[in-house]
Amino acid sequence: MSDWPQPPAPDRHRPAHHPASYVTLAGADWLASASPHPRRVHHLWATHPTAPSVLPCGTVFDVINAPALFGRRMADCLWAAGPGSGPVAVHRGRVLLFAARGTAQRLPALLSWEEWARSVPPLLCHGTGDAVSIPPLHPCPPAPDSPPPSSRWLVAPDVRHPWLPGPDVLLWACVRAARATPSDSPAASGAAGPAATGVPVRS
């Protein structure tokens, strides 16, 4: 696919609050491999390049779906003092952290044993049997003074087999993010109890 779009050149006049990352062809192959029909997914991306799409979880990756502020803190912790993150996206006011398979089942159980669990806002953990909406692979560049798009990649997949954090790593990120969250912040005020999953935990 020699016509794969190239990331735009850096714009010195682009505001700092416009973080965006662009999926490479290798990253697109990895995302498409989550579907039972990867060629259909590639065709969809080719014909509707600026539209979000839906991919199943549990076969190639799980997704931890966090409120925007807390999810950004988790990603910051992973990059500032941890091993880094896997792909990270923003979609409709939530942060999607792509994780190793099995994380959706294990992370809630680990949080239930952690003293900081009550400081973690409700998380949606998407694993086998679930699906998530992902941002466009190559969205249209926003105008210089426009707000950032509501669906975008913060850390886009750029290799065929990206590293994905597991439940232990994301537990560490949750605890670090909770410790860094002021008690009167939106993330803390939304934490009425231990983290919740989007689906019942499977045994």
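1. Helix α3 (residues 68-81) packs on helix α5 (residues 167-179) at an angle of about 110°, and their axes are 8 Å apart. Axes here are lines fitted to C-alpha atoms, for helices over the stretch in contact, and angles run from 0 to 180 degrees between N-to-C directions. The angle makes α3 roughly perpendicular to α5 (65 to 115 degrees; under 35 counts as roughly parallel, over 145 as roughly antiparallel, and the rest as oblique). The crossing of α3 past α5 is right-handed, that is, the near helix is turned clockwise from the far one by less than a right angle; anticlockwise would be left-handed.

2. The residues of α3 in this contact (heavy atoms within 4.5 Å) are Phe70, Arg73, Met74, Cys77, Leu78 and Ala81. Those of α5 include Val169, Leu170, Trp172 and Arg176. By class, this contact of α3 with α5 has 12 nonpolar, no polar and two charged residues. Ala, Val, Leu, Ile, Met, Phe, Trp, Tyr, Cys and Pro count as nonpolar, Asp, Glu, Lys and Arg as charged, and the others, Gly among them, as polar.

3. A word on the source: this is a predicted model, in which local features need pLDDT of at least 70 and side-chain atom pairs count only at pLDDT 80 or more, while totals for chains, interfaces and linings use all residues. Residues are numbered from 1 along each chain as its sequence is written, and side-chain values use heavy atoms, with hydrogens and water left out.

4. The chain has six helices and seven strands, in the order α-α-β-β-α-β-β-α-β-β-β-α-α from the N terminus. Both kinds of element are DSSP runs numbered from the N terminus: helices are H or I with at least four residues, strands are E with at least two. Of the 203 residues, 45% are buried (under 20% relative accessible area; exposed is over 50%, partly exposed in between, with a 1.4 Å probe and protein chains only).

5. The largest nonpolar core (buried Ala, Val, Leu, Ile, Met, Phe, Trp, Tyr and Cys residues joined through side-chain atoms within 4.5 Å) has 27 residues. Ile64, Met74, Leu97, Leu111 and Leu123 have the most contacts inside it. Elements giving two or more residues to this core include β2 (62-67), α3 and β4 (94-99), and α5 gives the most, with seven. Beyond its neighbours within four places in sequence, Leu97 touches residues including Ile64, Met74 and Leu78. Another core, of 22 residues, lies apart from this one, with Ala28 and Leu96 among its members.

6. In helix α1 (residues 25-32), the buried residues are Gly27, Ala28, Trp30, Leu31 and Ala32. They pack against α2 (38-47), β1 (53-56), β4, β6 and β7. The axes of α1 and α2 are 9 Å apart and meet at an angle of about 130°, so the two helices are oblique to each other. Their crossing is right-handed. Ala28, Asp29, Leu31 and Ala32 of α1 make the contact with Pro38, Val41, His42 and Trp45 of α2.

7. Arg92, in the loop between β3 and β4, has a positive phi of about 55° although it is not a glycine. Most residues other than glycine have a negative phi. Arg92 counts as exposed, at 72% relative accessibility.

8. Ser150 lies in the loop between β6 (131-134) and β7 (151-155) and is also exposed, at 51%. Leaving aside neighbours within four places in sequence, Ser150 is in contact with Val90, His91 and Arg92. The C-alpha atoms of Ser150 and His91 are 5.8 Å apart, although 59 residues separate the two along the chain.
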